[in-house]
Amino acid sequence: MPPTAGRRSDFPALRRRRGRSPVHYLDSACMSLVPTPVLRAMEEYYRYYPGCAGRSLHRFSEEVSHRIEAAREGFARFLGTRDPASIVFVRNATEAINLVGRGLSLRRGDRVLVSDQEHNSNLVLWQRLRAERGVGLDVLALPDDGSFDLAALEAALARGVTLVSLFHTSNLDGRSLPVREIVERAHAHGARVLLDGCQAAPHVPVDLARIGADFYALSAHKMLGPTGTGVLAAAPGALDGLAPLIVGGETVEWTTLTDHALRPPPHRFEAGLQNYAGVLGAHAALGYLEAAGRDTLAAHDRRLNERASAALRENDRVHVIGPAEPAARPSILAFTLDGVDPNDAALFLDAGYGVLVRSGRHCVHSWYDRRGLTGNVRASFYLYNDATDVDALVRGVDELLTRTDRPPGPARPAERRAARATRPRRRR
Ligand SMILES: Cc1ncc(COP(=O)(O)O)c(C=O)c1O
C-alpha cells in the first residue's frame, strides 16, 4: 500500500505530538485537516489583495473578483456541472439544503422524501416546513446491510413526491446510495432531487451531469478546506426558480426606495460580503485533491478500512455498523463495543493512544433511538492516514476491551463508570 495518498508533512496539525508519539487523526468525516497550500491561499488573500469582490474598482478588488470566479469555475469542473453559474457559495451544506428547501417555496400538497438515515441538516428543515406550511414528509427506510430497496423507492414515489432529498454517502455508516438510478426514477415521477454530498464529494469523483441531480450540497471543511465555506451546485436552469434565502447587498442589479431587481443566479443567492478567504482556500483544496487523484483517494480509504475492519473484527465484542464489506463504506468504519459506552471509548483512545475518533449519535438521533443504542464510535479515513493510524486504533480498542468486562448487551451505567475509571496504560 502506498503510505498515504497525500503527504503527511503538508498537514501542520499532524506535526502535533503527544510526548514523542504522533497524533492519529481518524475524524475526517467530521472535519478534515487543512494542508499548507490551503492555509497559504487564505493568508495570501488577507496579506496581498484584501479587497471586496465586485465592488471597488481598484486592483485588490479586481484580483479577488477574478479569483472568486476562478474558484467557481474550479468547483464546476470538480463537480461536473460544467457551468460556473450553477455554483453558489454558501456557509456549509446545511445552508445549501436550507436554500433549496426554502427557495422552492414548497407548500401544502408538496411532499418531500428523505431516508431514515439523514443527518439532521437534511431532516430538521423538512420537519419545520411541515409545521410551518403543511409540506408532507415521507421517510424511506434503509436496510441495515447497506442495500437499497428500489421497489420501496418506487412505491414512495408513486404516492406523489415533489422533492427527494437524500445523502449521497452516509456520515453514519459510510454507505453510498445508487444516486444515478434514484435520480432517474425520481425524475420519471416528476420529482426533483437534492443530494447531500458532504461525505461523498471529499472521497469519490462526482459527475453531476451524469448523476443528473437537480441540486448537490457540500461543505468544504470535510474536503481539506476551511470551515464556514460550502457549495450548492445545481443542474442547468435549476437555480432559476429558486427564491433567495437572504437578500441584500450583492444580490441586486438595482434598487429604488420601493423596489429592486435581483441579479441572475448565482449572485442573487450570495448576499452580503462573502467569505473570500474561505472560498479561495476551498479552491486550493480542490487543487490538492485533484493532484492526489480522486480514484487513488477512494482506493486508499478502502485499503485502510479493510485493514482496520479485519483487525477489529477479530474481537467478537466489536460490531461493525452498516455494510459488511469495507469496499461498500470505504471512508467510514462505525462500530459499537460490547460493554463500553462510545464516548468513553473515544476519550480512552485519545488519552491513551492519541487516536482521535468521533463518538455519539452523529446527528442521526432517531436511527440510534430505534435500535436502543446510545451511539457508536466512528473512525474515518482520508488521504493523510496510513497503516500506523489504523494499527494505533486497533491496539487502543484491544486494550480497552481487555480492561472492561464483557456484558450481555449495550453498556449499562455501572459499566460506563467502570470504563471511565479505566486508565489507559500509556498516558503522556
Ligand atoms: C452527511 C452530512 N450531511 C450534512 C452535514 C452537515 O454539514 P455542515 O454542518 O457542514 O453543514 C454533515 C456533517 O457532518 C454530514 O456528514
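Reader: How many bridges join strand β14 to strand β17, and how do you know that the two pair?

Author: The model is a predicted one. In it, 4 bridges join β14 (residues 332–337) to β17 (residues 376–380). Two strands pair if there are at least two bridges between them, so β14 and β17 count as paired. One of the matched positions is F335, whose bridge partner in β17 is V377.

Reader: What makes β13 and β16 the edge strands of their sheet?

Author: The sheet is open and has 4 strands in the order β13-β14-β17-β16, with antiparallel pairing. Strands β13 (318–320) and β16 (358–360) each pair on one side only. From one strand to the next, the twist averages 30 degrees.

Reader: Which helix lies across β14, β16 and β17?

Author: Helix α10, residues 342–353, does, and it runs at about 160 degrees to β16. Angles are taken between N-to-C directions and run from 0 to 180 degrees, so a value of about 160 degrees means that α10 and β16 point in roughly opposite directions.

Reader: Why is the crossing of α10 and α12 called right-handed?

Author: The axes of α10 and α12 (residues 387–403) come within 10 Å and cross at roughly 115 degrees. The name depends on which way the near helix is turned from the far one: anticlockwise by less than a right angle is left-handed, clockwise is right-handed. The crossing of α10 past α12 is right-handed, so the turn is the clockwise one. In this contact A345, F348, L349, G352 and Y353 of α10 meet A392, L393, R395, G396 and L400 of α12. These residues divide into 7 nonpolar, 2 polar and 1 charged. Gly counts as polar and Arg as charged, so G352 and G396 are the polar pair and R395 is the charged residue.

Reader: Why is the pairing of the sheet of 7 strands called mixed?

Author: In general, strands of a sheet pair either parallel or antiparallel. The open sheet in the order β4-β10-β9-β8-β7-β5-β6 has mixed pairing. One of its parallel pairs is β7 (residues 163–167) with β8 (residues 192–196), joined by 5 bridges. Within that pair, F167 stands opposite D196 in β8. The edge strands are β4 (87–90) and β6 (136–140). On average, neighbouring strands here are turned by 20 degrees against each other, direction ignored.

Reader: Which residues are around the ligand, and what makes one of them charged?

Author: The residues are C30, N92, A93, T94, H119, S121, F167, N171, D196, C198, Q199 and S219. They divide into 4 nonpolar, 7 polar and 1 charged. Asp counts as charged, so the charged residue is D196.

Reader: What are the bounds of domain 1 and domain 2?

Author: The domain assignment gives domain 1 as 8–30 + 293–421 and domain 2 as 38–291. Their contact takes 19 residues from domain 1 and 18 residues from domain 2. On the side of domain 1, α9 (294–313) and β14 are the elements that give two or more residues. The largest share, 5 residues, comes from α9. That side divides into 12 nonpolar, 3 polar and 4 charged residues.

Reader: What kind of peptide bond joins P265 and P266?

Author: The bond is cis, with omega about 5 degrees. P266 lies in the loop between β12 (260–262) and α8 (276–292).

Reader: What is phi of E250?

Author: Phi is near 80 degrees, a positive value in a residue other than glycine. E250 is found in the loop between β10 (230–234) and β11 (252–255).

How values were computed
Residues numbered from 1 in each chain as written. Predicted model: local features only at pLDDT ≥ 70, side-chain atom pairs only at ≥ 80, totals over all residues. Contact = placed C-beta atoms within 7 Å. Near = placed C-beta within 6 Å. Domains from an automatic or database assignment.
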